Amino acid sequence: MANELSAAVFIDRDGTIIEDADYCSHPKQVKVFPGVPQALRRLKSKRFKLIIITNQSGIGRGFFTVDEYRSVESEVSRQLGHGLIDATYFCPDVPGQHSSHRKPSPGMILQAKREHQIDLARSFFIGDKEIDVECGRNAGVRTIRVQTGLDCDVSCSTANWVAEDLPAATKIILNLTQ
């Protein structure tokens, strides 16, 4: 059975894949960081499942609708290249309300594990915030904190590794898994 499980790279969206637009609610706000599509293709070529894990409290706060979120998600997919991302999980819950899915809770990763037959012990989480690191740790995956988000001070990070950006994080993963 263990051979049937896949390794995955869980990836935060805002500040990691795309520039953080502070409640990104329109496709025109989507700007994928340089080198990200190529880096994701390299991971995909090594048979990693690529899964976006993103808090979207703007929905819960009434800043934008699920339909507006989906239009942004479609634009991210278009800019990355359709079919590159295996799945996207988002949590609309606002901070402070009980949530098993809002990062740093591992609910979205655990749901992806069940739905996509993922071996968490062979998987990674790449994100730009410490809550991404905590989420990955809470789910039992190795973590990489990138410095492309709004808070690029990683001096107190508890991540397994720190990288300049997603392409640099990809190199770490590929070097570890060759």
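Q: Before we start, what counts as buried here?
A: Buried means under 20% relative accessible area. The model is a predicted one.

Q: Then is Asp128 buried or exposed?
A: Asp128 has 0% relative accessibility, so it counts as buried.

Q: Where is Asp128 placed?
A: Asp128 sits in the loop between strand 4 and helix 5 (130–139).

Q: Which residues is Asp128 in contact with, leaving aside neighbours within four places in sequence?
A: The contacts of Asp128 are Asp12, Asp14, Gly15, Thr16, Arg145, Val146, Gly149, Leu150 and Asp151, once neighbours within four places in sequence are set aside.

Q: And Asp153, how far apart is that from Asp128 in space?
A: The C-alpha atoms of Asp128 and Asp153 are 9.9 Å apart, with the two positions 25 residues apart in sequence numbering.

Q: Change of topic, the sheet. What is the strand order?
A: The order is 3-2-1-4-5-6, in an open sheet of six strands with parallel pairing. Strand 3 (87–91) and strand 6 (161–163) are the edge strands, each pairing on one side only. From one strand to the next the twist averages 20°.

Q: How many bridges join strand 5 to strand 6?
A: Three bridges join strand 5 (residues 142–146) to strand 6, and the two run parallel. Within strand 6, Ala163 stands opposite Val146.

Q: What about strand 4 with strand 5?
A: Those two pair in the parallel sense over four bridges. Phe125 has Thr143 in strand 5 as its bridge partner.

Q: Is strand 5 largely enclosed or open?
A: Largely enclosed by the rest of the structure, because four of the five residues of strand 5 are buried.

Q: Which strands does helix 3 touch?
A: Helix 3 (residues 66–80) packs on the sheet and touches strand 2 (49–55) and strand 3, with its direction at about 145° to that of strand 3.

Q: And helix 4, which strands does it lie across?
A: Helix 4 (residues 107–116) lies across strand 1 (8–11), strand 2, strand 3 and strand 4 (124–127), and runs at about 150° to strand 3.

Q: Last one, helix 1 and helix 6. How do their axes cross?
A: The axes of helix 1 (residues 36–45) and helix 6 (residues 166–176) come within 9 Å and cross at roughly 15°. That angle is why helix 1 counts as roughly parallel to helix 6. The crossing is left-handed.

Q: Which residues make the contact?
A: Helix 1 contributes Val36, Ala39, Leu40, Arg42 and Leu43, and helix 6 contributes Leu166, Pro167, Thr170, Lys171, Ile173 and Leu174. By type, these are eight nonpolar, one polar and two charged.

Key:
Residues are numbered from 1 along each chain as its sequence is written. This is a predicted model: local features need pLDDT of at least 70, side-chain atom pairs count only at pLDDT 80 or more; totals for chains, interfaces and linings use all residues. Side-chain values use heavy atoms; hydrogens and water are left out. Axes are lines fitted to C-alpha atoms, for helices over the stretch in contact, and angles run from 0 to 180 degrees between N-to-C directions. Angles under 35 degrees count as roughly parallel, over 145 as roughly antiparallel, 65 to 115 as roughly perpendicular and the rest as oblique. A crossing is left-handed if the near helix is turned anticlockwise from the far one by less than a right angle, and right-handed if clockwise. Contact means heavy atoms within 4.5 Å. Ala, Val, Leu, Ile, Met, Phe, Trp, Tyr, Cys and Pro count as nonpolar, Asp, Glu, Lys and Arg as charged, and the others, Gly among them, as polar. Two strands pair if DSSP finds at least two bridges between them. Buried means under 20% relative accessible area, exposed over 50%, partly exposed in between (1.4 Å probe, protein chains only).
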